[in-house]
Amino acid sequence: MKMLGKALLRGFGIVLPVAVTLQLLYWLISSMEGWAAPILQAIITEHWYFPGLGLITFLAIVFIIGFSANTRGIRSIWQLPGKVLLRIPGASQLYGMLQEIIEVMSGKNFADESVVLVKLPQSDVELIGIVTKKAGIKGDRMSGLLEEEQLAVFLPMAYNVGGYTIIVPKSCTRNVDMKPAEALQLVMTGGLGKMSGP
């Protein structure tokens with residue numbers, strides 16, 4: 001019976017990640033196709049439309065928006081819908097949360113040389129963190145809280161999108177040769193992932 005239970009758990013460990021990943025990919029692809037297909041069918045004849053054209057069109061639009069966002073004037077146009085959503089009660093919290101989650105997961109706001117080990121006071125324990133702010137940045141609220149020799153460090157949590165932002169002396173940190181995205185992946189999987197070394 002014990003062997004049966006172990007075999008089931010091992011099987012779930014193999015099947016569930018694959019099944020959930022495939023289901024999420026299917027939902028994402030179906031959603032993109034579903035959003036673009038009605039518009040395309042209204043614009044072009046049914047003869048020219050084929051399944052998958054909606055997905056291709058959606059990805060092309062996303063690419064064009066991302067590429068054109070490199071230009072400051074155009075970027076402000078693309079940011080306009082987000083600014084409107086941030087003014088709507090309820091929608092602002094949801095949009096803001098999703099935006100921040102994507103930015104944290106992508107490491108967008110983290111500098112390349114910002115991964116550190118933070119040493120806990122009176123302890124040999126160290127935590128992996130990412131420096132988010134330093135002192136002396138004009139107009140930045142977080143930076144304004146910091147003294148000259150302090151850093152704001154984000155400590156991600158394992159198997160969670162959240163984390164903690166702590167303010168620590170620079171002397172309590174030491175740099176790690178790792179990209180922020182790698183550090184996030186390492187910590188959020190509790191170090192159990194199969195990330196390759198340098």
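This tour moves along a predicted model, from the whole chain to a surface patch, then to paired strands and two salt bridges.

Begin with the whole chain in a cartoon view, where the secondary structure comes to seven helices and five strands, running from the N terminus in the order α-α-α-α-α-β-β-α-β-β-β-α. If you then colour by accessibility, 21% of the 198 residues count as buried, and the chain exposes about 15,000 Å², of which carbon and sulfur atoms supply 67%. Among the contacts with a separation of 6 or more, 38% are accounted for by residues 24 or more positions apart.

Next, select helix 1, which covers residues 2–43 and includes leucine 8. Show the side chains of Leu4, Leu8, Phe12, Leu16, Val20 and Leu24 as a surface: together they form a nonpolar patch with about 590 Å² of accessible area.

Now move to residues 115–119 and 126–134, which are strand 1 and strand 2, paired in the antiparallel sense over five bridges. Within this pairing, valine 118 of the chain stands opposite leucine 127 in strand 2. The two strands form a hairpin with six residues between them, and in the turn you can pick out glutamine 122, whose phi is positive at about 55°.

Keep strand 2 displayed and add residues 150–156, which make up strand 3; strand 2 and strand 3 are also antiparallel, pairing over four bridges. Here isoleucine 130 has phenylalanine 154, in strand 3, as its bridge partner. While looking along these strands, bear in mind that in a regular strand the side chains alternate between the two faces of the sheet.

The last stops are the salt bridges, of which the structure holds two. Select lysine 119 and aspartate 124, whose side chains meet in a salt bridge at 3.7 Å, N to O. Aspartate 124 is exposed, with a relative accessible area of 71%, whereas lysine 119 is partly exposed, at 36%.

Then select glutamate 126 and arginine 174, whose side chains meet at 3.0 Å, N to O, in a salt bridge. This pair links distant parts of the chain, since glutamate 126 lies in strand 2 and arginine 174 lies in strand 5 (residues 173–175), 48 residues apart. Arginine 174 counts as partly exposed at 44% relative accessibility, and glutamate 126 likewise counts as partly exposed, at 31%. In general, side chains of opposite charge can pair when their charged atoms come close.

How values were computed: Residues are numbered from 1 along each chain as its sequence is written. This is a predicted model: local features need pLDDT of at least 70, side-chain atom pairs count only at pLDDT 80 or more; totals for chains, interfaces and linings use all residues. Side-chain values use heavy atoms; hydrogens and water are left out. Patches are made of residues with over 30% relative accessible area and no salt bridge: like charges are joined within 9 Å, nonpolar side chains (Val, Leu, Ile, Met, Phe, Trp, Tyr) within 5 Å. Accessible areas come from the Shrake-Rupley method with a 1.4 Å probe; for residues, only the protein chains shown count as cover. A salt bridge is a side-chain nitrogen of Lys or Arg within 4 Å of a carboxyl oxygen of Asp or Glu. Buried means under 20% relative accessible area, exposed over 50%, partly exposed in between (1.4 Å probe, protein chains only). Contact means heavy atoms within 4.5 Å. Two strands pair if DSSP finds at least two bridges between them.
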